[in-house]
Amino acid sequence: MSENLLKECPLLVALDKEKTIYDGFISVQERDFRLRITLPPDHQLKQAKLHCCWELKRLLKNHQHILKQRLQHSSDLVGFILELRTILEVAMKSQPSWQSIPPPQYYSQLITEIESLGWDKLIFIDTDFHTLKLKAEDSSHRQHVFTVKLKSKYPAEAPECSADLPIPLVITWTPQSNLAHMHSQFLLIVEALAEFWAVMDELDEHTWVLEPEKPIRADTMRRIAIGNNVSIKVEIDPRHPKMLPECCLLGAEHAVTPLRSKLNANMHLWNPDCSVLQNMKDVMEIEFPSPATHEKSSFSVECGICYSYRLDSAIPDQVCNDPRCGQPFHQACLYEWLRGLPTSRQSFNIVFGECPYCSKPITVKMAIQKP
């Protein structure tokens with residue numbers, strides 16, 4: 001048996017003269033797993049005890065029944081080793097991630113790199129040591145999270161990096177790079193976006209932002225309240241944040257038309273040396289309601305059909321154009337309401353009908369269908 005065992009599992013050796021304790025490794029698909037097998041004095045496998053490394057335990061977690069069965073029915077240790085190797089091959093095929101488990105030096109190098117970067121910058125690391133979340137603070141004390149997903153061949157293989165940014169994240173990688181290099185590059189990127197975030201922070205602090213409800217650092221759009229049922233949607237260019245943004249006025253036509261006229265007439269007055277908020281005030285000749293002057297409830301108007309402010313993620317963005325009415329609606333609600341009226345008509349993607357409140361003519365474009 002000794003010769004056959006040496007042939008089938010050369011890294012598993014007997015530790016005693018009686019050959020009841022075997023310790024070493026079993027090799028499967030170019031992976032070595034540590035194990036120890038303790039046999040009773042009569043060498044009967046039925047009473048054998050199998051001690052595995054943590055990797056082997058996790059791999060065999062869902063195969064305990066068949067493993068005990070093989071111990072019961074194998075004629076000798078060599079036969080059991082062959083059975084164990086087959087079980088492991090099946091287990092590894094059913095769990096592809098095990099085929100790419102990194103070697104021990106991967107972990108030692110990773111710990112060294114974290115120590116070099118600083119443990120205070122590590123927010124999270126998963127149990128497989130593949131996904132890390134690193135903390136970064138820019139010069140304006142904004143907190144950022146930098147996520148790094150390492151491959152099993154790291155550092156020979158470039159990791160996947162992601163962050164809450166308004167532009168694509170591009171990290172230059174070479175086999176000589178490490179966590180500290182990537183973190184330094186990320187800091188340079190967030191510093192380059194400092195002016196953009198300053199613009200967005202000013203809008204968030206000094207105006208009533210209707211959308212998004214909870215802005216994140218990647219958001220480039222703000223829908224800002226101007227008055228009751230009147231708002232402006234601005235899209236800020238993160239690379240040129242102080243230039244004239246893309247603007248879209250929303251609300252009843254009688255309220256929006258004067259603002260649109262002023263915006264078009266005064267567009268040439270836009271001054272890149274001033275803040276975006278101040279420029280919008282000057283160009284449209286208005287003062288924006290702010291948390292210091294108004295309650296947000298003044299602008300959180302319920303839809304006249306579903307009687308709620310939010311419908312999924314949408315807020316009322318359709319308004320009756322009659323100045324005496326001005327009732328707001330969700331686009332989807334108004335579309336379904338008008339489509340169900342016998343007096344309504346449709347032309348292409350626009351439905352024509354009457355306002356549910358004042359019976360004045362009102363139109364709405366077809367609601368966007370969700371996939």
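UniProt positions are given in the numbering used here, and its annotations may be inferred rather than shown by experiment. The exercises below concern a predicted model.

**Exercise 1. Locate the annotated RING-type domain and describe its span, then set out how the protein is divided into domains.**

Solution. Start from the record: in an unreviewed entry, UniProt places the feature "domain: RING-type" at residues 303-359. Turning to the model, the C-alpha atoms at the two ends of residues 303-359 are 16 Å apart, and the span is 16% helix and 21% strand. Next, take the domain assignment, which divides the protein into domain 1 (1-94), domain 2 (107-189), domain 3 (207-296) and domain 4 (321-365). Finally, for the separation of domain 2 and domain 4, the distance between their C-alpha centres is 52 Å.

**Exercise 2. Describe the sheet formed by strands 5 to 8, identify its edges, and state which helix packs on it.**

Solution. Begin with the strand order, which is 5-6-7-8 in an open sheet of 4 strands with antiparallel pairing. Strand 5 (122-125) and strand 8 (160-163) each have a single partner strand, so each stands at an edge with one side left without a neighbour in the sheet. On average, and with direction ignored, neighbouring strands of this sheet are turned by 20° against each other. Now examine one pair in detail: strand 7 (residues 143-149) runs antiparallel to strand 8 and is joined to it by 4 bridges, and Phe-146 stands opposite Ala-163 in strand 8. Helix 6 (residues 179-192) packs on the sheet, where it touches strand 6 (131-137), strand 7 and strand 8, and its direction makes about 140° with that of strand 7. The last step is the connection: the loop between strand 7 and strand 8 contains Pro-155, and the peptide bond from Tyr-154 to Pro-155 is cis, with omega near 5°.

**Exercise 3. Work through the sheet formed by strands 9 to 12, from its order and edges to its bridge partners and its helix.**

Solution. The order is 9-10-11-12, again an open sheet of 4 strands with antiparallel pairing. The edges are strand 9 (209-211) and strand 12 (246-250), and because each has a single partner strand, one side of each is left without a neighbour in the sheet. From one strand to the next, the twist averages 30°.

Consider the pairs in turn. Strand 10 and strand 11 are paired in the antiparallel sense over 6 bridges, with Ile-224 standing opposite Ile-232 in strand 11. The hairpin of these two strands has 2 residues between the strands, and in it Asn-229 takes a positive phi near 65°. Strand 11 (residues 230-235) is also joined to strand 12, antiparallel to it, by 5 bridges. Within strand 12, Cys-247 is the bridge partner of Val-234, whereas Leu-250 is the bridge partner of Ser-231.

To complete the picture, add the helix and the loop. Helix 8 (residues 253-265) lies across strand 10 (221-227), strand 11 and strand 12, and it runs at about 160° to strand 12. Pro-212 is found in the loop between strand 9 and strand 10, and the peptide bond leading to Pro-212 from Glu-211 is cis, with omega near -10°.

**Exercise 4. Characterise the packing of helix 7 against helix 9 by geometry, by residues and by residue class.**

Solution. For the geometry, helix 7 (residues 194-206) and helix 9 (residues 276-284) pack at an angle of about 60°, and their axes are 9 Å apart. For the residues, helix 7 contributes Val-199, Glu-202, Leu-203 and His-206 to the contact, while helix 9 contributes Val-276, Leu-277 and Met-280. Sorting these residues by class gives 5 nonpolar, 1 polar and 1 charged.

**Exercise 5. Explain what the salt bridge of Asp-23 and Arg-34 ties together, and describe the backbone of His-43.**

Solution. The whole structure holds 17 salt bridges. In one of them, the side chains of Asp-23 and Arg-34 meet at 2.8 Å, N to O. Asp-23 lies in strand 2 (residues 21-28) and Arg-34 in strand 3 (residues 31-38), so the pair ties together parts that are 11 residues apart in sequence. For the backbone, recall that most residues other than glycine have a negative phi. His-43, however, has a positive phi near 65°, and is found in the loop between strand 3 and strand 4 (49-52).

Terms used. Residues numbered from 1 in each chain as written. Predicted model: local features only at pLDDT ≥ 70, side-chain atom pairs only at ≥ 80, totals over all residues. Heavy atoms only, no water. Axes fitted to C-alpha atoms, helices over the stretch in contact; angles between N-to-C directions. Contact = heavy atoms within 4.5 Å. Nonpolar A, V, L, I, M, F, W, Y, C, P; charged D, E, K, R; others polar. Pairing = 2+ DSSP bridges. Domains from an automatic or database assignment. Salt bridge = Lys/Arg side-chain N within 4 Å of Asp/Glu carboxyl O.
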